[in-house]
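Have your viewer ready and a selection box open. This tour goes stop by stop, telling you what to pick and what you will find there.

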Amino acid sequence: MTWVLANFGQIWRLTLDHIALSVPPILLGFLIAVPLGWIAHRYAPFRGAILTLGGLLYTIPGIALFLSLPVILGTRILDPINVVVGMTIYAVALLVRTAADAFDAVSGDVRQSSVAIGYGPVRRFFEVELPLAGPVLLSGLRVVSASTVSLVTIGSLIGVSSLGYFFLNGLNRRFPTEIFTGIVGVIVIAVVFDLLLVLIGRLLLPWAHVARQRERRGRGAAA
Amino acid sequence: MIAFEGVSKRFPDGSLAVDDFTLTIPSRSTTVLVGSSGSGKTTLLRMINRMVDPTGGRITIDGDDVAKLDPVKLRRRIGYVMQNSGLLPHRTVIDNVANVPILDGVKKSEAHAHALELLDTVGLDRSLAKRYPAQLSGGQQQRVGVARGLAVDPNILLMDEPFGAVDPLVRDELQQELLRIQRELSKTIVFVTHDIDEAFLLGDQVVILRTGGIVAQAGTPAEILANPADEFVASFVGAERGRRALHIDAEHGDRVLVDGTGRVAGVLTDGPGGMAGTAAGSAPE
Ligand SMILES: Nc1ncnc2c1ncn2[C@@H]1O[C@H](COP(=O)(O)OP(=O)(O)O)[C@@H](O)[C@H]1O
Ligand SMILES: [Mg+2]
């Protein structure tokens, strides 16, 4: 505990670094995976290719990715961009299948009816399909968020600062308190992100909450 | 007036859903297309607002070939009501009803004010305006669907088995409401159903379809009942089995009507109306 108090400044700084590294990949991953998922949903011939590529990308070992990205991108090896790009690739890989499933799950009746009442294709995407895919997209985003916050720690191996530094340093010094601090920090960030996502979901998708409540009530009554 | 002129539809998979269909649908009255499942009713209906494009023939609305009209604009001026209401689950009742006018550029406050009036028209309490569709009963959802169909004050209202999924009491009530609305608004309604009783109740003109959108008979309910064109029609309307031939059966008392199959069909009353409607009027929603 004294170590934590004494090093609070550093813990706080690394926490902020960790957040700064985690947020862009989550957002970028979402922005890239949603259109890809929609294409996979809409155009059957691309579906296999997109989903397979997503699956393959996820199997690239993190450290290999971080070491090869500077070569591919022409960035310096210590550049945090490498971690952001690598994490974004994982985020897309994780989310693209969920995104395709999310669009698949939009009721055909509702889609037909939006065509029938005069939605053109663009507004139909933004005002009908995307919001209705929202609950499934959100569940996927929560997984991506937790995974990104945890994986960002690997960046420490190539010297990009995050709470992962405490794992390495604590291991080298054989000092469990420091490792433990890193772990707790990562968990706290992941939980806060998750709560934020749930809150955003409540604000943007209030109808989904209502529908779930009704379902629960219905099940209760049936029992 | 809507005219089908030798219209056919072959889907890409090769199935011929509609074959050389010709029909004139007069304005300001209700035409009901009735036929069993798969007879091409939905396909016919969707060719009017270009959700489906015919592969042969043409469809005109007041003389204009719909193939030459912009489909999105066309759909916005034609009301469409479908079986499972097709309401947008992420929009409240009021937003659903005001949806098309807002798409069309009407100010939101104006569209909402009009939407509230439409809730009155379809017999829905205004207190439901802020609910989501999932918070309504099936019957209430269908009423919202009808209100949405009426929102741009369309000349044409297309209805695809709109009351097919609600229980019989609520269906009776919704049918009566539609008759009342039609008396007030006189739209050109094209109504699709597989229920011959519903067709006879609602239709000024009833069109009985065979598989492939073939017209077995078209006419007023009275014409069809009095003179079924062939055995298919006779069997479809139930005349064959004597279901439409009622007689007083002494065994049940002198006011009880029995049909040809022996089923008790109703009671002879003194005036028109009589007890009719009271049961439906108190039906729970
Ligand atoms: N999109 C489609 N692709 C291929 N076949 C279709 C499609 N829509 C309808 N059909 C076929 O056309 C026929 C008529 O269908 P439909 O118009 O839906 O009939 P109904 O509404 O009377 O039940 C059916 O055999 C159906 O399988
Ligand atoms: Mg149908």
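The stops below run from chain A, across the interface, and on into chain B. Keep in mind throughout that this is a predicted model.

**Stop 1: chain A as a whole**

Select chain A and show it as a cartoon. You should see ten helices and zero strands, so the pattern read along the sequence is simply α-α-α-α-α-α-α-α-α-α. Along the principal axes, the C-alpha atoms occupy a box of roughly 65 × 45 × 30 Å. Of the 223 residues in this chain, 43% count as buried. Take contacts between residues at least 6 apart in sequence: in chain A, 72% of them join residues at least 24 apart.

**Stop 2: the annotated spans**

Now colour residues 20-38, 50-71, 77-96, 143-167 and 179-205 of chain A, which an unreviewed UniProt entry annotates as "transmembrane region". Try two of them in turn. Residues 20-38 are 100% helix, and their end C-alpha atoms lie 28 Å apart. For residues 50-71 of chain A the helix share is 91%, with 0% strand, and the end C-alpha atoms are 25 Å apart.

**Stop 3: A:His18**

Next, pick A:His18, which you will find in helix H2 (residues 8-42) of chain A. Is A:His18 buried or exposed? With a relative accessible area of 0%, A:His18 is buried, because anything under 20% counts as such. To see what surrounds A:His18, leave aside its neighbours within four places in sequence and show its contacts: A:Val149, A:Val152, A:Thr153, A:Ser162, A:Leu163, A:Gly164, A:Val186 and A:Ile189.

**Stop 4: an aromatic cluster**

Show the side chains of A:Trp38, A:Tyr43, A:Phe46, A:Phe103, A:Phe125 and A:Phe126, which form one aromatic cluster. Over all chains, the count of aromatic pairs comes to twelve. While you are here, add A:Arg42: its charged end sits over the ring of A:Tyr43, 5.1 Å from the ring centre.

**Stop 5: where chain A meets chain B**

Bring chain B into view and select the residues in contact between the chains. Chain A contributes 21 residues to the contact and chain B contributes 23 residues. The area buried between chain A and chain B is about 2000 Å², with carbon and sulfur atoms giving 63% of it. On the chain A side, highlight A:Ala116, A:Ile117 and A:Trp207; together they supply 27% of the area that chain A buries against chain B, more than any other three residues.

How many salt bridges cross the interface of chain A and chain B? The answer is one. Select A:Glu127 and B:Arg91 to see it: their closest N and O atoms are 3.7 Å apart. A:Glu127 lies in helix H7 (residues 121-151) of chain A, and B:Arg91 lies in the loop between strand E6 (78-82) and helix H3 (93-103) of chain B, so the pair joins two chains. At 23% relative accessibility, A:Glu127 counts as partly exposed.

**Stop 6: chain B and its own salt bridges**

Move on to residues 2-237 of chain B, where an unreviewed UniProt entry places the feature "domain: ABC transporter". This span is 38% helix and 25% strand, and its end C-alpha atoms lie 26 Å apart.

Select B:Asp153 and B:Lys187, whose side chains meet in a salt bridge (2.5 Å, N to O). The pair links distant parts of the chain, 34 residues apart: B:Asp153 is in the loop between helix H5 (138-150) and strand E7 (156-160), while B:Lys187 is in the loop between helix H6 (168-185) and strand E8 (188-193). Compare the two partners: B:Asp153 counts as exposed at 53% relative accessibility, whereas B:Lys187 is buried at 7%.

Then pick B:Arg180 and B:Glu184, which form a salt bridge of 3.3 Å, N to O. Being four residues apart in helix H6 of chain B, B:Arg180 and B:Glu184 are separated by about one helical turn. B:Arg180 is partly exposed, with a relative accessible area of 26%. Widen the selection to B:Arg143, B:Glu173 and B:Glu177, and you have a network of salt bridges that also includes B:Arg180 and B:Glu184.

**Last stop: a charge over a ring**

Finish with B:Arg210, which lies over the face of B:Phe232, at 4.8 Å from the ring centre.

Technical notes
Residues numbered from 1 in each chain as written. Chains lettered and ligands numbered in written order. Predicted model: local features only at pLDDT ≥ 70, side-chain atom pairs only at ≥ 80, totals over all residues. Heavy atoms only, no water. UniProt positions renumbered as here; feature names shortened; annotations may be inferred. Buried < 20%, exposed > 50% of the residue type's maximum accessible area, 1.4 Å probe, protein only. Contact = heavy atoms within 4.5 Å. Phe/Tyr/Trp six-rings, centres within 6.5 Å; stacked < 30°, edge-to-face > 60°. Lys NZ or Arg CZ within 6 Å of the ring centre and 35° of its normal. Buried area = accessible area lost by both parts, 1.4 Å probe. Salt bridge = Lys/Arg side-chain N within 4 Å of Asp/Glu carboxyl O.
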